Amino acid sequence: QLRLERFEDKPNDLTKPLKVCFSGEEGIDDGGVKKEFFLLLFQDLLQVKYGMFVEYEESHRLWFNSWSFTDDIVMFRLIGLLCGLAIYNSVILDVPFPTALYKKLLGKKATLEDLKEMDPLLAENLKRILETEDDISTFDLCFQIDRHHLGETISVDLVEGGGKIPVTQDNRHAYVDAYVDFIINKSVQKPFEAFQKGFSAVCHGVVLGFLHPKELMALVIGSTSYDFSDLETVTQYHSPFHADHAVIRMFWKTLHDFPQGMKRKFLFFLTGTDRVPVAGIKALTVVIQANLAGPSHLPVAHTCFNILDLPVYPNISTMREKLIQAITQTEGFGLI
């Protein structure tokens with residue numbers, strides 16, 4: 001079990017290189033075990049069934065659950081701390097948080113555009129209120145919204161006495177601003193502050209303040225800007241494979257001929273994500289080793305270690321067929 005008290009007693013330990021060892025398992029953490037550690041943690045912690053986060057149906061973005069229990073506060077702090085540790089240890093996370101989170105961490109104001117990323121339908125309705133030439137009073141709106149929780153409808157004032165303040169042409173911008181502020185800030189203040197406290201325990205200082213929200217986001221979830229020629233340059237091989245081996249030449253010819261979408265699917269197949277570190281694809285450590293089981297077998301990816309087991313295919317057509325089959329017909333995530 002992870003205990004925050006241990007980190008709080010020795011905060012300097014958080015900025016030391018992280019090495020992970022699973023109880024009862026042998027192996028040296030050369031990056032793969034650490035990657036698996038974060039993968040398994042976030043796969044579990046971010047599940048909606050625990051009630052700490054809600055998932056917007058249209059965007060699939062996760063946001064803090066404003067109805068979360070008081071006991072969850074310590075878990076929000078833990079998740080924030082783990083996000084900070086992942087950045088510090090150059091581990092890419094598959095966390096579908098919106099840009100609004102990174103804006104808040106940097107003290108930037110979230111806007112209607114940020115709400116649109118989370119809830120496109122709500123944002124579009126608010127935008128119509130701002131742009132309509134119709135008489136706003138016919139909408140029968142006030143500075144109050146209804147929220148549904150456990151079968152009950154609860155009215156919440158967006159400003160003090162909001163239930164008695166009608167929305168008009170003159171104050172509609174203030175209404176939309178208050179609505180956005182409530183969803184992104186006020187309604188989730190306690191869980192976010194706990195998350196921020198954990199995150200800031202690792203990632204803090206002057207340098208953080210110079211980052212743009214998108215840059216901070218890229219540090220957490222990686223980048224989709226990369227060149228597969230760079231991946232070929234940094235890939236290592238285990239005997240009998242080497243850079244000039246006929247099978248390896250067929251492999252890279254096949255991969256380079258793939259459209260960009262298929263290349264991204266291959267990267268996901270190999271590493272568990274279609275993103276790369278901010279430092280670029282050259283920052284990855286990729287190994288290709290021979291699978292001598294025979295050409296009828298598919299390539300196998302050890303995603304936690306970025307290792308590809310590649311059968312010795314007799315020709316490029318077989319290589320292409322088996323590679324596409326492995327990439328496109330494998331769903332879910334398996335740890336090997």
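Visitor: How do you know that Pro240 lies in a loop?

Guide: Pro240 sits between β5 (236-237) and α12 (246-257). Helices are DSSP runs of H or I with at least four residues, strands are E runs of at least two, and both are numbered from the N terminus. Pro240 falls between two such runs, so "loop" is the word for its place. One caution: this is a predicted model, so local features need pLDDT of at least 70 and side-chain atom pairs 80 or more, while totals for chains, interfaces and linings use all residues. Residues are numbered from 1 along each chain as its sequence is written, and side-chain values use heavy atoms, with hydrogens and water left out.

Visitor: What makes the bond between Ser239 and Pro240 worth a look?

Guide: That peptide bond is cis, with omega at about 15°. Most peptide bonds are trans.

Visitor: What makes phi of His60 and Asp140 notable?

Guide: Phi is near 60° in His60 and near 55° in Asp140; each is a positive value in a residue other than glycine. Most residues other than glycine have a negative phi. His60 lies in the loop between β1 (53-55) and β2 (62-64), and Asp140 in the loop between α6 (120-131) and β3 (144-149).

Visitor: Why is His60 called partly exposed, and why is Asp140 called exposed?

Guide: Buried means under 20% relative accessible area, exposed means over 50%, and partly exposed is in between (1.4 Å probe, protein chains only). His60 comes to 48%, so it counts as partly exposed. Asp140 comes to 69%, so it counts as exposed.

Visitor: And why is Thr273 called buried?

Guide: Thr273 has a relative accessible area of 16%, which is under the 20% limit, so the word fits. Thr273 is in the loop between α13 (260-271) and β6 (287-291).

Visitor: How do you know which residues Thr273 is in contact with?

Guide: Contact means heavy atoms within 4.5 Å. Leaving aside neighbours within four places in sequence, Thr273 is in contact with Ile92, Leu267 and Phe268. The Thr273 side chain also reaches the backbone nitrogen of Arg275 at 3.2 Å.

Visitor: What makes a set of residues a nonpolar core?

Guide: The members are buried Ala, Val, Leu, Ile, Met, Phe, Trp, Tyr and Cys residues joined through side-chain atoms within 4.5 Å. The largest such core here has 65 residues, and Phe97, Tyr102 and Tyr175 have the most contacts inside it. Helix α3 (residues 73-88) gives the largest share of this core, nine residues. A second, separate core of 30 residues includes Phe269, Ile288, Leu310 and Leu323. In soluble globular proteins, nonpolar side chains tend to be buried together.

Visitor: Which residues does Phe97 touch?

Guide: Not counting residues up to four places away in sequence, Phe97 touches Leu46, Phe53, Arg61, Leu62, Cys83, Tyr102, Phe195 and Met217.

Visitor: Met217 caught my eye; what surrounds the buried residues of its helix, α10?

Guide: In α10 (residues 213-221), Pro213, Leu216, Met217, Ala218, Val220 and Ile221 are buried. The buried residues of α10 pack against α3, α4 (99-105), α5 (112-118), α8 (189-200) and α9 (206-209). Just after α10, Gly222 takes a positive phi of about 85°.

Visitor: What do these terms give for the whole chain?

Guide: The protein chain has 14 helices and eight strands, and 44% of its 336 residues count as buried. Among contacts between residues at least 6 apart in sequence, 65% join residues at least 24 apart.

Key:
Polar contact = N/O pair within 3.5 Å; in protein donor to acceptor, adjacent residues only side chain to side chain.
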